[in-house]
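Dear colleague,

I am passing on the structure below, together with some notes for someone who comes to it for the first time. Please look through it first, and then read on.

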Amino acid sequence: MTSNSVSVRPSQENKPEAKGKSGTASMFAHHAPGYSLVVVAFATVLTAMLLHHVASQTTYTCPDQWSSYNGHCYRFEGDSLLDYDAARTACSLHGAGVVAVETAAEHAFIVRWLRQHDPFQRDWYTSGVRKAGTGPNTMGNQFEWESTGEDITLVITSLWLQPPVFTTPNGVIAYGYGQTGYGWKWVDGSVKRPYICKIPEREAYRILVNSRGFDYGLPKGAEMAIEKGPHFLVEPRSVVVVSRSDKSVAPVALECVANAFPQPTYRWFRRPNFDREVSMLEDDRITITNGKLTINNPSEDKDWDVYRCSAENKYGRVISGSVEITFGALGEFNNVPDAGTRVKAFEGATVQCSKISYKPAVSYQWIKGNSVQFVRPEFQNYIFISKNGKLYFSEVTRADEGTYKCIAVLIGVNSFTIGTSQAPMRTSLPIPLIVDDQAPKSDWGPEIQNDFIGVFPSPPLRGQDVTLECFAYGSSTSPFRYSWSRDDKPMPTAAKTYDHNRVLVLHNAQLEDSGIYRCTVSRGQAASDTKTMTLSLGAKPYFVSPLKDQHADIDSQLTWICIARGNPEPVYRWYKNGRLLVTDLKTRVRVQRNVLSISMLDPDLHNGMYQCGAENSHGESMTNAQLRVLALPPSLEKYPPPSSVMASKGGNLTLRCHPEGAPFPSIEWSKGSAVISSGGDKYTVLANGNLHIALLTSTDQGVYTCTATNQFGTAQASSTVMIADGATITVTPSDDDAVVNETVFLPCEASHPKKLDMVYDWTFNDFPLDFRTGHYQQTEAGSDGAKGLYLINSGFEHEGQYTCIVRSPFMATSHSAYIRIRGPPRRPGGVVAQQGQTNQTSTVVEWVEGSSSGGSIGIHIVQSAHEFSPHDWTDLLTVRLSDSAEQNERVDGWHSVQVSGLNPGTAYRFRVLAVNEYGRGAVSDPSSYIRTFSAAPAVSPRNVRGGAGSIGTLTIVWDPLDRSEYGTGAVDSVGYRVFWRIKDTNAINGQWSERTVPGAGTNHISDFVGEDKYFLPYETKVQAFNDKGFGPNSTVAEIYSAEAPERIRCDIKIWLWRASEDPRSAELIELDGMVFRHTLHNLERNTLYALRLAAVGGGGYGKKTPTIYFTVEGQIVVDSLFAETIDVLSGTPSNHVTSVAMVMLHLIIYTGINRTWR
């Protein structure tokens, strides 16, 4: 090559391997292992810069530590092991993707590299994954390259070392070593391994060029004037309205917040096709304020629909994922009584709740017989209430016999559920549990019941609290011990057990929590049982990292890769400015599944806001970024070369030249007036434009000029080089920014004589670096040809001053640079609740804004916790920056907002966090407690219900107030006023009856309304009070008084036993219907018998007759003082009894074997 104008190092013909030192793969990957965090889309961006001409020939090459083959660059990263998702993120930071192998020749190249450089024969990740919707029996191709969206050809699939086992979780194709050498393996993508990155040589300059931002091309100091298109900070979430249709409900609010400058305008749309705009002019229930859509008095008929918002400014438009407003529904229990359950004593039993339709979910409770108390498994560990609605007994006895009622309460499945305080609920008809006698069994079980292991909700989804239940039958005389384990991996750290360890909850479950779970139940050391189940979590699509804004050269090429995780696998769509993108040859746009390619970028055609949408049966997710196609003349204003450099005689020197420009300028170096020719042993123009001078002599002193040129202009800057004995730092670290979880390189290179040994040391804030943390690695040659330090996976704790110290036996010299870390906002400070602005239900919270960490803060979130649950923090309020900012002469960044909805007489504390384009920041320290003024309770009792009791009785039940809702410190003053009246559609404002009951924990009353008032509808409401007054009434609930005898089926039960034996051994004789005659069989002469009778209805057992003694010869009269009376049906009485029937019988004993009673 003779031309002195070069932009990259000339490539070498027919040389497949990379230049530079051989050996193990370098540590240099700009990776971000921490990205396993929250994210939802891997958006790797590959932007190819249009490179320039050398001697009328365009040449492309791969940088140091990348290997070149057939027009692509490869990075074999063997030092920093990552899981597959993190590996994709690490490759994306170079603009690359995880390798896709297209030909057998390319496979041979990779195998050759691995044989030479990986003596440990490890497994190396590729981007090969299973195609969506394929299974083990799918014919044809089942695999695709995730980094390109292309199918894996059948010819290439012959490279398997062994057939893939599809039960492997998170499966990915990896290169591994087997009996036949290197080939493909199907491996678990959650395990940390080496990986291979790949990028076309035409796009390889992305590896070298510094990360461009919105300030690229702007004059130094113009950062405050940066404008950009809208980027979502908060997207709406689907909402379920759970309330009674005849009662008022809280407003529905959908929130949409975007960060942009100029500020965006917001619009809301609804289906079909999202072409119907939501307007305040059409419905006075609707308000739209700064992107927040509020619907007052939501109606199922008017508002049940799918919605999305858009945010737009002059740079483009973005649309949110679609969300749905739905309305919960709870059907009615069947009015035909269930047959119930019949079981022998001392065996396991299950009582099935009556069927009921519901949406989205219900919770179940059970009550027994005539009791107003609920079945409490926490105190009766042989009983279990499953989320499937069934009531289980590990072993039943006579004491468990009776009728049970199932209560279903409509609930939501997540926190995005609103409703009234009176959620819809239904109570079933009585369900009998009949226990037949048999002799007690010796210790038996445990035997895990067939319904278990149960999983809820169904289907279980990522982000939900997923519950696994386990329950076993067996002797209740010996306690059972339940334990949980996972067969394939360690138990998730978020897993917790409840209810005597019978319930395992995976809080905020993630896809990696899918696997094989095992429940083991043991009875001491005597016996045990175990069962496994495979948990497969569904997931709405989520991205591993968001799309990144691209600032690309005019006429260059852009490749965007969008990879989302989800179950089932998502389908992809691409949008520009809110409109669907499809392949268009006229605009040079190509859409291939999850890959968007644009060639010959043109600002008039291609500038705008781009989005990748991923959708499956569980929902849709969006990620967005801005594309700026740049055409800029070169500039060296921001990063000028040093005006003078002192270099060492006999040493080497690298002069830096970092212009801005688009297309990226070609670089020409000259000394004085003579143009420097690149090549040979003396001068080399490196791939990034720097000039390397070897074996310095005094003749190398002089003025060196860097000239940067593109079609839009030229820029120049000069450095004076002076030569001296000894050593000096010639390439110095400079102040720089890094994004959290990304990597930054600090160059440091000394010029020194070859015979002089030099040692490089680094300090951080004047303390020696600890290289054992894994965040720091030194290199002998970086991407710009200089030695230096890599700060890997940077965090806020790494912000500070870094000093490079170069030492020889005779001297030491150093140079420092400050690294600023950009990311989510730092924690706010000075959070305080103003006592002077506090009342019964609200206060004013103030705070000082924390550092924005190089981003733009869009919102603050205020969280609260009260004194009775001091560590249970909830998001109380989301406030936009413009709504909370206050002018303060003493403090910048002062914010103030009123928070309401607090309970009176309760101490609260608050904390605040900020959100910017990098995510949610750290929470502040909490404020001091501040107590609201005491007042009457601000809330009403919830879940008012009832309708049970004996004939003539009205029973009303409610949930007592939480301690934080008392409204006063005088706990003894808290009580309830209960109101009721017969529901009469012909009467208006009928007279209410009422009763006042003391005690904050009181939860029911029973009132005798008259035997003629059976099974009548009543309207009821409950009001809490304290020493400050009365709180609001609950919403009116409709309940029923107890049933009348003629409304129920009445059966007869007889208990018969030898008077000399234990009455608990009595034979139970059951008669269907209200019969008045029955024959007793197989009675023995000269034997004294005893019997009792009872009528049984849907509400439970009636009063039992006194014990009657007889022989076959006739009835025996026993003095009541000596008569043994037996409560055969001993146990906890039930409250919800709809009737009690008395059967008056005369017993006439006839002589003979067969006897009859009337």
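**Salt bridges, strands and one lysine**

Glu332 is exposed, with a relative accessible area of 57%. Please bear in mind throughout that this is a predicted model. I begin with Glu332 since it takes part in a salt bridge with Arg426, in which the closest N and O atoms are 3.2 Å apart. Arg426 belongs to strand β34 (residues 425-427), whereas Glu332 sits in the loop between β25 (329-330) and β26 (341-344), so this pair ties together parts that are 94 residues apart in sequence. Unlike Glu332, which is exposed, Arg426 is partly exposed, its relative accessible area being 22%. Salt bridges with shared partners also link Arg342, Arg398, Glu401, Asp436, Asp437, Lys1053 and Glu1070 into one network.

How many salt bridges does a search of the whole structure find? The search gives 56 salt bridges, and two further examples may help you to find your way around.

One of them is formed by Glu146 and Arg88, whose closest N and O atoms are 4.0 Å apart. Glu146 is in the loop between β10 (143-145) and β11 (171-178), while Arg88 is in helix α1 (residues 84-92), so the bridge ties together parts that are 58 residues apart in sequence. Both Glu146 and Arg88 are buried.

The other example brings the side chains of Asp553 and Arg212 together in a salt bridge, at 2.8 Å from N to O. Here Asp553 lies in strand β46 (residues 550-553) and Arg212 in the loop between α3 (205-208) and β14 (228-234), so that parts 341 residues apart in sequence are tied together by the pair. Asp553 is buried, with a relative accessible area of 0%, and Arg212 also counts as buried, at 8% relative accessibility.

I then turned to a set of paired strands. Strand β62 (residues 702-710) is joined by six bridges to strand β58 (residues 666-671), and the two run antiparallel; within this pairing, Ser670 has Thr705 of β62 as its bridge partner. β62 is also joined to strand β63 (residues 713-724), in this case by nine bridges and again in an antiparallel arrangement. Cys706 stands opposite Ala717 in β63, and the connection from β62 to β63 is a hairpin of two residues.

The last residue I looked at is Lys682, which is found in the loop between β59 (674-675) and β60 (683-685). Is Lys682 buried, partly exposed or exposed? With a relative accessibility of 25%, Lys682 counts as partly exposed, because that class begins where buried, under 20%, ends. Leaving aside residues up to four places away in sequence, Lys682 touches His692, Ile693, Ala694, Leu695, Leu696, Thr697 and Asp700. Of these, His692 is 10 residues from Lys682 along the chain, and their C-alpha atoms are separated by 8.0 Å. Two polar contacts can be described in more detail: the side chain of Lys682 reaches the backbone oxygen of Ala694 at 3.1 Å, and a polar contact of 2.7 Å joins the side chains of Lys682 and Asp700.

With kind regards

How values were computed: Residues are numbered from 1 along each chain as its sequence is written. This is a predicted model: local features need pLDDT of at least 70, side-chain atom pairs count only at pLDDT 80 or more; totals for chains, interfaces and linings use all residues. Side-chain values use heavy atoms; hydrogens and water are left out. Helices (H or I, at least four residues) and strands (E, at least two) are DSSP runs, numbered from the N terminus. Buried means under 20% relative accessible area, exposed over 50%, partly exposed in between (1.4 Å probe, protein chains only). Two strands pair if DSSP finds at least two bridges between them. Contact means heavy atoms within 4.5 Å. A polar contact is a pair of N or O atoms within 3.5 Å; within protein, one must be able to donate a hydrogen and the other to accept it, and residues adjacent in sequence count only if both atoms are side-chain atoms.
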